[in-house]
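Biologist: Can you put the model up on screen? I have a few things to ask about it.

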Amino acid sequence: MNEQPTTHFGFRDVPVADKQKLVGEVFTSVARSYDLMNDLMSFGVHRLWKRHFVAISGVRKGDRVLDLAGGTGDIAALLKPVVGEQGEVVVGDINAAMLGVGRDRLTDRGLVAGLRWAQLNAECLPFPDNSFDAVTMAFGLRNVTDKDKALADICRVLKPGGRALVLEFSRVQNELFGKLYDFHSFKVLPRLGQLFAGDADSYQYLAESIRKHPDQQTLKGMMERAGFGRVEVRNLSNGIVAIHRAYKF
């Protein structure tokens, strides 16, 4: 009898075919409290990480940028002034609830022109080859079922010379700090999630998903195998998160 291939959903092994649905349920559940979730997970520092992420992106006036897992609109709101009136930011997310929250938030701020919103799967992007000057992905890659496939498709849709930037939770570099971070993630965070959002399980999954995500050097190697060159890694906050920046040649 053939066994179904499995993958990780947090610390659980689940059938590959089920992960997308399970991740979708988590993000539908936390969509309205996503900013709160990020504040609880990062002590509010995620806002500074995102600003730095965009600041070093190399995005310029007139660029066309694809922001994956961008449903909150946080990165798009930072990118839009950079690309200017002649540029465009396409916000892609697999989760309709997240897209709705982000689109409403940015519309309320008057950010409409030059923004497009698309529900899509990062593993099979619905764009032609060589379509974008840059592709960004903040805090989304760890939830993708087939990361290698997603990275290869990101490379495909980039123009030659284009840049891919991934901001993601990573491996803490200091052992003592890592122990404190683990305590916060597994003992404190789910309780805060229950207290403030009425959802401990989703926060538990998100903490677990961070630990299952490839560390800095492993992800660097994955990006190189996907076809990228000059992959650079920059740790922030002692490696709680890392920015991977790579180029398509």
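Modeller: Here it is; bear in mind that this is a predicted model. A place to begin is Phe 139, in the loop between strand 6 and helix 6.

Biologist: What is the phi of Phe 139?

Modeller: Phe 139 has a positive phi of about 55 degrees, and Phe 139 is not a glycine. Most residues other than glycine have a negative phi.

Biologist: Is Phe 139 buried or exposed?

Modeller: Phe 139 is buried, because its relative accessibility is 4% and the cut-off for buried is under 20%.

Biologist: And what about phi of Arg 230?

Modeller: Phi of Arg 230 is also a positive value, near 50 degrees, in a residue other than glycine. Arg 230 sits in strand 8. Arg 230 is exposed, with a relative accessible area of 53%.

Biologist: OK, the sheet then. What is the strand order?

Modeller: The order is 5-4-3-6-7-9-8, in an open sheet of seven strands with mixed pairing. Strand 5 (115-119) and strand 8 (229-236) are at the edges; each has a single partner strand, so one side of each has no neighbour in the sheet. From one strand to the next, the twist averages 15 degrees.

Biologist: How many bridges join strand 7 to strand 9?

Modeller: Seven bridges link strand 7 (residues 158-169) with strand 9 (residues 241-247), and the two run antiparallel. For one residue to look at, Val 166 has His 244 in strand 9 as its bridge partner.

Biologist: Which strands does helix 4 touch?

Modeller: Helix 4 (residues 74-83) packs on the sheet and touches strand 3 (64-68), strand 4 (88-93), strand 5 and strand 6 (132-138). The direction of helix 4 makes about 165 degrees with that of strand 4.

Biologist: And where does helix 6 lie?

Modeller: Helix 6 (residues 147-157) lies across strand 3, strand 6 and strand 7. With strand 7, helix 6 makes an angle of about 145 degrees.

Biologist: Switching to charges. How many salt bridges does the structure hold?

Modeller: There are 13 salt bridges in the structure. Side chains of opposite charge can pair when their charged atoms come close. One of the pairs is Lys 159 with Asp 133, at 3.4 Å from N to O. Lys 159 is in strand 7 and Asp 133 in strand 6, so this pair ties together parts 26 residues apart in sequence.

Biologist: Are those two buried or exposed?

Modeller: Lys 159 is partly exposed, at 31% relative accessible area. Asp 133 counts as buried, at 18% relative accessibility.

Biologist: What does Arg 156 form a salt bridge with?

Modeller: Arg 156 pairs with Asp 153, and the closest N and O atoms are 2.7 Å apart. Both are in helix 6, and because Arg 156 and Asp 153 are three residues apart, about one helical turn separates them. Arg 156 counts as partly exposed at 24% relative accessibility, while Asp 153 counts as buried at 11%.

Biologist: Which helix holds Lys 179 and Glu 175?

Modeller: Both are in helix 7 (residues 175-197), four residues apart, about one turn of the helix. Their side chains meet in a salt bridge of 4.0 Å, N to O. Lys 179 and Glu 175 are both exposed.

Biologist: Which residues are joined into one network?

Modeller: Lys 50, Asp 74 and Arg 105 are joined into one network by salt bridges that share partners. Lys 50, Asp 74 and Arg 105 are also among the residues that line the largest pocket.

Biologist: What volume does the largest pocket have?

Modeller: The largest pocket has a volume of about 230 Å³. Its lining also includes His 46, Arg 47, Arg 51 and Arg 109. Helix 3 (46-55) gives the most to this lining, with four residues, and helix 3 and helix 4 each supply at least two.

Biologist: How many cavities of 30 Å³ or more are there?

Modeller: The structure holds one. The volume of the largest cavity is about 440 Å³. It is lined by 30 residues, and the closest to its centre are Ala 69, Asp 93, Ile 94, Gly 140 and Asn 143.

Biologist: Which elements give two or more residues to that lining?

Modeller: They are helix 1 (16-30), helix 2 (34-42), strand 3, helix 4, strand 4 and strand 6. Helix 1 gives the most to the lining of the largest cavity, with four residues.

Conventions
Residues are numbered from 1 along each chain as its sequence is written. This is a predicted model: local features need pLDDT of at least 70, side-chain atom pairs count only at pLDDT 80 or more; totals for chains, interfaces and linings use all residues. Side-chain values use heavy atoms; hydrogens and water are left out. Two strands pair if DSSP finds at least two bridges between them. Axes are lines fitted to C-alpha atoms, for helices over the stretch in contact, and angles run from 0 to 180 degrees between N-to-C directions. Contact means heavy atoms within 4.5 Å. Buried means under 20% relative accessible area, exposed over 50%, partly exposed in between (1.4 Å probe, protein chains only). On a 1 Å grid over the protein atoms alone, a cavity is a set of points where a 1.4 Å probe fits but cannot get out, and a pocket is an open set with protein on both sides within 12 Å along at least five of seven lines; lining residues have an atom within 4 Å of a point. Grid points are joined across faces, edges and corners, and a volume is the space filled by probe spheres set on the points.
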